[in-house]
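Biologist: I am new to this structure and would like to go through it step by step. Please show it to me before we begin.

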Amino acid sequence: MQDIINNLPKQAKDKHNKNKKFFTKLKKKPPKNLDYVMQDLHEQEFKRTDCLGGCANCCKTTGPLFTDKDVDRIAKHFRMKTQQFISQFLRVDDENDYVLQSVPCTFLGADNYCSIYDVRPKACREFPHTDRSKFQQISHLTLKNVAICPAAFNIVEEMKKRIKV
């Protein structure tokens with residue numbers, strides 16, 4: 001798995017222009033069944049991909065946004081006051097969102113497992129967002145995620161085979 005992760009940024013860069021053209025066309029005229037196709041591709045890929053334990057590259061290289069609900073839920077999990085949780089683990093970014101103070105994620109263990117998995121932020125639960133409805137609206141995000149997430153990379157490659165734009 002580590003070889004795949006190490007090669008991913010180069011592979012994503014090599015395919016970036018082709019992917020960008022594909023997503024531009026997809027955004028202009030998305031097929032009616034796009035959400036169904038994406039759900040199927042997502043489910044098939046995640047039967048093969050072991051995020052926990054096997055990869056966790058998203059946790060090692062990026063940090064999620066924390067909504068107010070996420071902050072409250074995770075602080076409660078730790079039996080901390082919300083403000084205490086914020087000062088210990090988070091910072092406010094340029095867009096005024098709560099994000100981790102540093103990456104890799106503080107909650108990622110040496111075994112690649114998340115210590116707050118059951119209460120993890122919404123952004124973590126939904127990553128890499130390949131099963132989201134109106135998928136074509138987040139193509140800019142998907143273009144970034146293919147360089148981070150082997151599953152997202154594979155889904156986009158399969159998507160280009162299945163959907164003609």
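Modeller: We can start at Pro104, which sits in the loop between strand 3 (98-100) and helix 7 (122-126). The model is a predicted one.

Biologist: What kind of peptide bond joins Val103 and Pro104?

Modeller: Most peptide bonds are trans. Between Val103 and Pro104, omega is about 5°. The bond that joins them is cis.

Biologist: Which residue is joined to Pro128 by a cis peptide bond?

Modeller: Pro128 is placed in the loop between helix 7 and helix 8. The bond in question has an omega of about 5°. The residue joined to Pro128 is Phe127.

Biologist: What is the phi of Asn112, and is this residue buried or exposed?

Modeller: Asn112 belongs to the loop between strand 3 and helix 7. Most residues other than glycine have a negative phi. Asn112 is not glycine, yet its phi is positive, near 70°. Its relative accessibility is 12%, under the 20% cut-off, so Asn112 counts as buried.

Biologist: What is the phi of Lys134?

Modeller: Lys134 lies in the loop between helix 7 and helix 8. Lys134 is not a glycine, but its phi is positive, at about 55°.

Biologist: Which residues does Pro64 contact, leaving aside its neighbours within four places in sequence?

Modeller: Pro64 is in the loop between helix 4 (57-61) and strand 1 (65-66). Pro64 counts as buried because its relative accessibility is 12%, below the limit of 20%. With those neighbours left aside, its contacts are Tyr98, Val99, Leu100, Pro121, Ala123 and Cys124.

Biologist: How many Å apart in space are Pro64 and Ile116?

Modeller: In sequence, 52 residues separate Pro64 and Ile116. From C-alpha to C-alpha, the distance between Pro64 and Ile116 is 13 Å.

Biologist: What area do domain 1 and domain 2 bury between them?

Modeller: The domain assignment gives domain 1 as 37-62 + 127-164 and domain 2 as 63-116. The contact takes 9 residues from domain 1 and 9 residues from domain 2. Carbon and sulfur atoms account for 59% of the buried area. That area is about 680 Å².

Biologist: In domain 1, which residues lose the most area to domain 2?

Modeller: The centres of the two domains, taken over C-alpha atoms, are separated by 23 Å. Three residues of domain 1 together make up 55% of what that side buries. They are Cys59, Lys60 and Thr62.

Biologist: How many salt bridges and how many residue pairs in polar contact are there between domain 1 and domain 2?

Modeller: The salt bridge rule finds 0 across this interface. Counting pairs with both residues at pLDDT 80 or more, the residue pairs in polar contact number 3.

Biologist: Which helix gives the most to the side of domain 1 that touches domain 2?

Modeller: Helix 3 (51-55) and helix 4 each supply at least two residues of that side. By class, the side has 4 nonpolar, 4 polar and 1 charged residues. The helix that gives the most, with 4 residues, is helix 3.

Biologist: Which residue forms a salt bridge with Glu45, and is that partner buried or exposed?

Modeller: A search of the whole structure finds 8 salt bridges. Glu45 is buried, with a relative accessible area of 3%, and its salt bridge spans 2.7 Å, N to O. Glu45 and its partner both lie in helix 2 (residues 34-48), 3 residues apart. The partner is Arg48, which is exposed because its relative accessible area of 60% is over 50%.

Biologist: Which residues are linked with Glu157 in a network of salt bridges?

Modeller: Glu157 is found in helix 9 (residues 150-162) and counts as buried at 17% relative accessibility. Its side chain has a polar contact of 3.3 Å with that of Lys15. Lys160 forms a salt bridge with Glu157, the closest N and O atoms being 2.9 Å apart. The residues linked with Glu157 in the network are Lys15 and Lys160.

Biologist: Is Thr142 buried or exposed?

Modeller: Thr142 has its place in helix 8 (residues 139-145). Beyond its neighbours within four places in sequence, Thr142 contacts Phe23, Phe135 and Val156. Its relative accessible area is 1%, so Thr142 is buried.

Technical notes
Residues numbered from 1 in each chain as written. Heavy atoms only, no water. Buried < 20%, exposed > 50% of the residue type's maximum accessible area, 1.4 Å probe, protein only. Contact = heavy atoms within 4.5 Å. Domains from an automatic or database assignment. Buried area = accessible area lost by both parts, 1.4 Å probe. Salt bridge = Lys/Arg side-chain N within 4 Å of Asp/Glu carboxyl O. Polar contact = N/O pair within 3.5 Å; in protein donor to acceptor, adjacent residues only side chain to side chain. Nonpolar A, V, L, I, M, F, W, Y, C, P; charged D, E, K, R; others polar.
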